[in-house]
Amino acid sequence: MATTKKLSFGLDKAGGAALILARIGAALLWIIAALAAVVWVVFLISPRSFAANFGSVDLNVGGAFTLSIKGDLLDYSYNLQNFHDGPVNMVATISTGLARMVVYALLALAFSEMAALCKDLTVWLADGRDATPFQGMVSDRLNRAGWYLIVAPIVGLVNFIVCFLAGTGGNWGLWMSGMMVIGIILLLIARIFDYGMGLQREVDGLL
């Protein structure tokens, strides 16, 4: 009994810590996505105010801070000029600014789903675990988070293609494959919960 209580207490603490970390991650990513959206809109309104810097386009605001659309996203690196000292490539810069905003929003949504899942599991632990953990909300949250993590690097790849067609160079690595693998793992876990729910319904039907 004492061992069970210690295990339960440990799971509660772990779930609480995971919930806090997931919420912090989601909040930070939403802030970054919002800032990316602001910079993108400012660039659309006044693109000539931005100075080209090959790997980024920058707007100096009163010497206090700089608004930038950077040419790096996940494991992709984009050149926002066709050549050094050339003008800003409008297509590449607009596409990259939009892609950054979308990718950060997708990652924020993934973290939000995981935070909600941690909260659901924390409530389940607090209720004494009388109910089955195989619930639809768990599967749904894992499924959505998995798809967000899969789509995010795809957005980066599409932007890389757009920049290439617009005449700018760049390079990419394999980090995106890691994010996709995590997304696929979450989808597989979601399927396991779906299977568990199916078995649970069969058992309830027999009873």
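Let's start at one residue of this predicted model: setting aside neighbours within four places in sequence, Arg100 is in contact with Lys70, Asp72 and Leu73. Arg100 belongs to helix α2, which covers residues 90-126. Its relative accessibility is 13%, so Arg100 counts as buried, the cut-off being under 20%.

**The overall layout**

Stepping back, the protein has 4 helices and 6 strands. Following the chain from its start, you will meet them in the pattern α-β-β-β-β-β-α-α-β-α. The chain has 207 residues, and 37% of them count as buried. About 11800 Å² of the protein is exposed, with carbon and sulfur atoms supplying 70% of that area. Take the contacts between residues at least 6 apart in sequence: 75% of these join residues at least 24 apart.

**The sheet**

An open sheet is built from 3 strands in the order β4-β5-β6, with antiparallel pairing. At its edges are β4 (72-73) and β6 (170-172), each of which pairs on one side only. Asp72 and Leu73, two of the contacts of Arg100, fall within the range of β4. Strand β5 (residues 76-78) runs antiparallel to β6, and 3 bridges join the two. One place to look is Tyr78, whose bridge partner in β6 is Gly170.

**Aromatic rings**

The structure holds 4 aromatic pairs. Two of them are set out here.

| Pair | Centre to centre | Angle between planes | Geometry |
|---|---|---|---|
| Phe43 and Phe50 | 5.2 Å | 75° | edge-to-face |
| Tyr76 and Phe160 | 5.8 Å | 40° | tilted |

Phe43 and Phe50 are both buried. What about the other pair in the table: which parts of the chain does it tie together? Tyr76 lies in strand β5 and Phe160 in helix α3 (residues 136-165), so this pair links parts that are 84 residues apart in sequence. Tyr76 counts as buried because its relative accessibility is 2%. Phe160 is buried as well, with a relative accessible area of 18%.

Tyr76 and Phe160 also share one aromatic cluster with Tyr78. That brings us back to the sheet, since Tyr78 is the residue whose bridge partner in β6 is Gly170.

Conventions:
Residues are numbered from 1 along each chain as its sequence is written. This is a predicted model: local features need pLDDT of at least 70, side-chain atom pairs count only at pLDDT 80 or more; totals for chains, interfaces and linings use all residues. Side-chain values use heavy atoms; hydrogens and water are left out. Buried means under 20% relative accessible area, exposed over 50%, partly exposed in between (1.4 Å probe, protein chains only). Contact means heavy atoms within 4.5 Å. Accessible areas come from the Shrake-Rupley method with a 1.4 Å probe; for residues, only the protein chains shown count as cover. Two strands pair if DSSP finds at least two bridges between them. Rings of Phe, Tyr and Trp (its six-membered ring) pair if their centres lie within 6.5 Å; planes under 30 degrees apart count as stacked, over 60 as edge-to-face and the rest as tilted.
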